[in-house]
Amino acid sequence: MADHKFDYDLLIIGAGPGGYIAAIRAAQLGLKTACVESRETLGGTCLNVGCIPSKALLHGSELFEEASGHMAKWGIKASKVELDLDVMMAEKTKAVGELTGGIEFLFKKNKVDWLKGHAKFTSANTVDVGGKAVTAKDIVIATGSSVTPLPGVEVDNDKGLIVDSTGALSLPKVPKKMVVIGGGVIGLELGSVWNRLGSDVIVVEFLDQLLPGLDGDIRKEAAKIFKKQGMELKLGAKVTGATVKGKKVTLTVEPSTGGKAETIEADCVLVSIGRRPNTEGLGLDAIGLDLNKRGQIEIEHDFRTKVDGVWAVGDVVPGPMLAHKAEDEGIAVAEFIAGLTGIVNHAVIPNVVYTMPEFAGVGLTEEEAREKGEIKVGKFPMMANSRAKTNREPDGFVKIIADAETDKVLGAWMVASVAGTMVAEVAIAMEFGATSEDIAYTCHAHPTHAEATKEAAMAVTGKPIHI
Ligand code: FAD
Ligand code: NAI
């Protein structure tokens, strides 16, 4: 397979979920593969400063909140629950170390060379890594994304006063008052962590609802639930500036549509207004590869860019910025490069917010589906699900959206303690072109939260049992 004109058959830039998975699959398919990564450890944003550390803190903070009172209704009394934040952070760091170390092991096992340093194109087949030219027949760009800055609100993670997600994953102490700018996924997940650990959290969101891009019912439910959990929501508001004095930050906030400004003082401010693709310093000019208006690299269906031999996957290309989307694209691009057919169904990419309860969905939102044609919708509340009721988890629902004529499932949205796990069932059903009736007539174990999905499917034709 090896083409001796080049150092490698395939070189991948970036070892996040898009890049490291592509590297492993390519090596499995017999390609001589290298992966360049400028970070000290493998795994990209996801393993180092994203999915994994955030889930560790969500888990730890949930245990703290449970122990601090929620368990009392089950007769479990803890006289004095104390938080040792250093220990919680150390456990998070340990999980990250185990997982990033695991990728290093997999690279060695599969004979993928890890080239440490920053990669910059000098030609379509050559990148410079720390002054050394490395050549490859094919090159995949998997450089991921970074935090979008907010002008006038300068992030300084070291000081811990105005932080981005990376800073908010490592605060040295629980801030008394935290303002989260942006009511999207990061704001709500990390806002939940610090809210549970004792901070007063205010979320300032530009739009009139949280979680843009998700189904309308989910967004409304999210606002109710986070308010109930003690977060203050300032919807339809934007932050226009910040001043730091001593250990306090004063933010200027005004209505999104303009109007009278107010100031809010905080001990910590989290900037979470989105992420943007990493392309700076990559030398794309040298190969004539330009970006679209959103700063992304455009690709064909097989992840090929317009430059021969250069491919791209993950957060740096259009589509949702999600680890599992990057992973699936990583496998597919390696398969295309090896001469096989890679498959990613971009219409069926689940989306999960890992708060308590979790918010999850797959496929079209109800609003998108209605725009496309006639639909039927079935909804079932978690209040009426025996397992959720028994566990005292009353919040949430499952909603199934089906085509009115064919009954084919077009989307599903759910709020439940384990919605992130439940949504996988609907994703599989959609991949197989299932109808709502197929889900309704599939036997679901009792008592499980997943029975709510079956009942929502039954509700599509007006026949749920428990409501
Ligand atoms: P990345 O993971 O960003 O990896 C790209 C890598 O390329 C980086 O390590 C970078 O150092 C390296 N790199 C960049 N340029 C160069 C260069 N020129 N030379 C060498 N190396 C370079 N998604 C989920 O699906 N579920 C979650 O629960 C979730 N939680 C998240 C929580 C947070 C706080 C954040 C910030 C993100 C979260 N995400 C989550 C999003 C997820 O992390 C990204 O979608 C995913 O990491 C994208 O993978 P990627 O491979 O495209 O890029
Ligand atoms: P986001 O796009 O999810 O949310 C950003 C929010 O900020 C939006 O609601 C937007 O309206 C708001 N906003 C923008 N400018 C503003 C301003 N000036 N003032 C107030 N609000 C403003 O982006 P976020 O939360 O930063 O996350 C980035 C990406 O990371 C997500 O889109 C997601 O793809 C990924 N991610 C995924 C997770 C998951 O799958 N569970 C968890 C965390 C991140």
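1. In this predicted model, the axes of helix α3 and helix α6 (residues 185-196) come within 9 Å and cross at roughly 30°. The crossing in which α3 passes α6 is left-handed. On the α3 side the residues involved are S54, K55, L57, L58, S61, E62, F64 and E65, and these meet E189, L190, S192, V193 and R196 in α6.

2. Helix α3 (residues 51-67) also crosses helix α4 (residues 85-110), with axes that come within 9 Å and an angle of roughly 145°. This crossing of α3 and α4 is right-handed. Here I52, P53, A56, L57, G60, S61 and F64 of α3 meet M88, M89, K92, V96 and L99 of α4. L57, S61 and F64 are listed among the α3 residues that meet α4, and L57, S61 and F64 also appear among those that meet α6.

3. Helix α1 (residues 17-28) has 12 residues, which should span 16 Å at 1.5 Å a residue; the end C-alpha atoms are 16 Å apart, in agreement with that value. The helix is mostly covered, as 10 of its 12 residues are buried. These buried residues are P17, G18, G19, Y20, I21, A22, A23, I24, A26 and A27. They pack against strands β1 (8-13) and β2 (33-37) and against helices α2 (44-49), α4 and α8 (323-337). Just after α1, G30 takes a positive phi of about 95°.

4. Helix α11 (residues 419-431) can be examined in the same manner. For its 13 residues, 1.5 Å a residue gives an expected span of 18 Å, and the end C-alpha atoms are 19 Å apart, which agrees. Its buried residues are A419, M422, V423, V426, A427, A429 and M430. Because they cover an arc of only 160° around the axis, they lie on the same side of α11. The face turned away from that buried side carries the exposed residues T421 and I428.

5. Which elements do the buried residues of α11 pack against? The partners are the strands β18 (351-353), β19 (358-363), β21 (397-403) and β22 (409-416), together with the helices α12 (436-440) and α13 (451-460). Just after α11, G433 takes a positive phi of about 70°.

6. R276 is found in strand β16 (residues 275-277). Its relative accessibility is 43%, so R276 counts as partly exposed. R276 and V147 are 129 residues apart in sequence, yet their C-alpha atoms are 6.3 Å apart in space. Leaving aside neighbours within four places in sequence, R276 is in contact with S145, S146, V147, T148, P149 and M321.

7. Some backbone geometry deserves a reader's attention. Most residues other than glycine have a negative phi, and most peptide bonds are trans. L211 is not a glycine but has a positive phi of about 50°. L211 is found in the loop between β10 (200-205) and α7 (216-228). With a relative accessible area of 2%, L211 is buried, because buried means under 20%.

8. F303 likewise has a positive phi, of about 75°, although F303 is not a glycine. F303 is found in the loop between β16 and β17 (310-312). Is F303 buried or exposed? At 2% relative accessibility, F303 counts as buried.

9. Where are cis peptide bonds found? The bond from M356 to P357 is cis, with omega near -5°, and P357 has its place in the loop between β18 and β19. The bond from H446 to P447 is also cis, again with omega near -5°. P447 is found in the loop between α12 and α13.

10. A disulfide is a covalent bond between the sulfur atoms of two cysteines. How many disulfides does the structure hold? The number is zero. As for individual cysteines, C51 has a relative accessibility of 26% and so counts as partly exposed. C443, at 76% relative accessibility, counts as exposed.

Definitions and conventions. Residues are numbered from 1 along each chain as its sequence is written. Chains are lettered from A and ligands numbered from 1 in the order in which they are written. This is a predicted model: local features need pLDDT of at least 70, side-chain atom pairs count only at pLDDT 80 or more; totals for chains, interfaces and linings use all residues. Side-chain values use heavy atoms; hydrogens and water are left out. Helices (H or I, at least four residues) and strands (E, at least two) are DSSP runs, numbered from the N terminus. The expected span of a helix is 1.5 Å times one less than its number of residues. Buried means under 20% relative accessible area, exposed over 50%, partly exposed in between (1.4 Å probe, protein chains only). The arc is that of the directions from the helix axis to the C-beta atoms. Contact means heavy atoms within 4.5 Å. A disulfide is a pair of cysteine sulfur atoms within 2.5 Å. Axes are lines fitted to C-alpha atoms, for helices over the stretch in contact, and angles run from 0 to 180 degrees between N-to-C directions. A crossing is left-handed if the near helix is turned anticlockwise from the far one by less than a right angle, and right-handed if clockwise.
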